[in-house]
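Here is a short round of questions to work through with the model open beside you. Take your time with each one.

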Amino acid sequence: MAQVRSRDTVPEVLVRRHLFSLGFRYRLGTRVDFVKPDIVLPAWDYCIFVHGCFWHRHDGCRMTTTPKSNEDYWREKFRTNRRRDRRNLRYLAECGWSTGVIWECAVRTGEFRAIDYDRLIRGSLRRRHWEVHSRRYTRRRKIAGGRGITHTRP
Ligand SMILES: [Zn+2]
């Protein structure tokens, strides 16, 4: 076991269990062409990512620290990660998938449980991209209505 299996990281397991308890059924390890979402909900055309705040550079989040040494290495690494994330979300939207990102900070604080996923995934807000943030870890005015969710068009 030399390799860490990223798809079994704890935040992802917690999100998976929570969605399952709400009645959502998903597939794991499913690829959409070159994109490998953490959770795929085929019945709802939904792909969900559980993003680590550090690696995926959650904007304005306390967990998004930057190492002090090897700055060039990290800058390049983060830029590559961000570019890949943007490209993946854009590609999925083009293929007709809706997408959601649940940030690690919201999982860590448990705030992700307060989100109305029925409404986001099954209901009136379908066909959008949304992101779930921690209100305790982030200082973004953008976070709509103080509920810890941002919405954008795909
Ligand atoms: Zn965060």
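Q: How many helices and strands does the protein chain have?
A: This is a predicted model, where local features need pLDDT of at least 70, side-chain atom pairs count only at pLDDT 80 or more, and totals for chains, interfaces and linings use all residues. Residues are numbered from 1 along each chain as its sequence is written. Helices (H or I, at least four residues) and strands (E, at least two) are DSSP runs, numbered from the N terminus. Along the protein chain the elements run α-β-β-α-α-β-α-α-β-β, which comes to 5 helices and 5 strands.

Q: Which element gives the most to the largest nonpolar core?
A: A nonpolar core is a set of buried Ala, Val, Leu, Ile, Met, Phe, Trp, Tyr and Cys residues joined through C-beta atoms within 7 Å. The largest one has 28 residues, and Val 15, Ile 102, Trp 103 and Ala 106 touch the most other members. Elements supplying at least two residues each include helix H1 (10–21), helix H3 (71–94) and strand E2 (46–51). With 5 residues, the top contributor is E2.

Q: Is Asn 70 buried or exposed?
A: A residue is buried if 20 or more other C-beta atoms lie within 10 Å of its own, exposed if 12 or fewer, and partly exposed in between, with C-beta atoms placed from the backbone. Asn 70 sits in the loop between H2 and H3 and has a positive phi of about 55 degrees although it is not a glycine. Because Asn 70 has 10 C-beta neighbours inside 10 Å, it counts as exposed.
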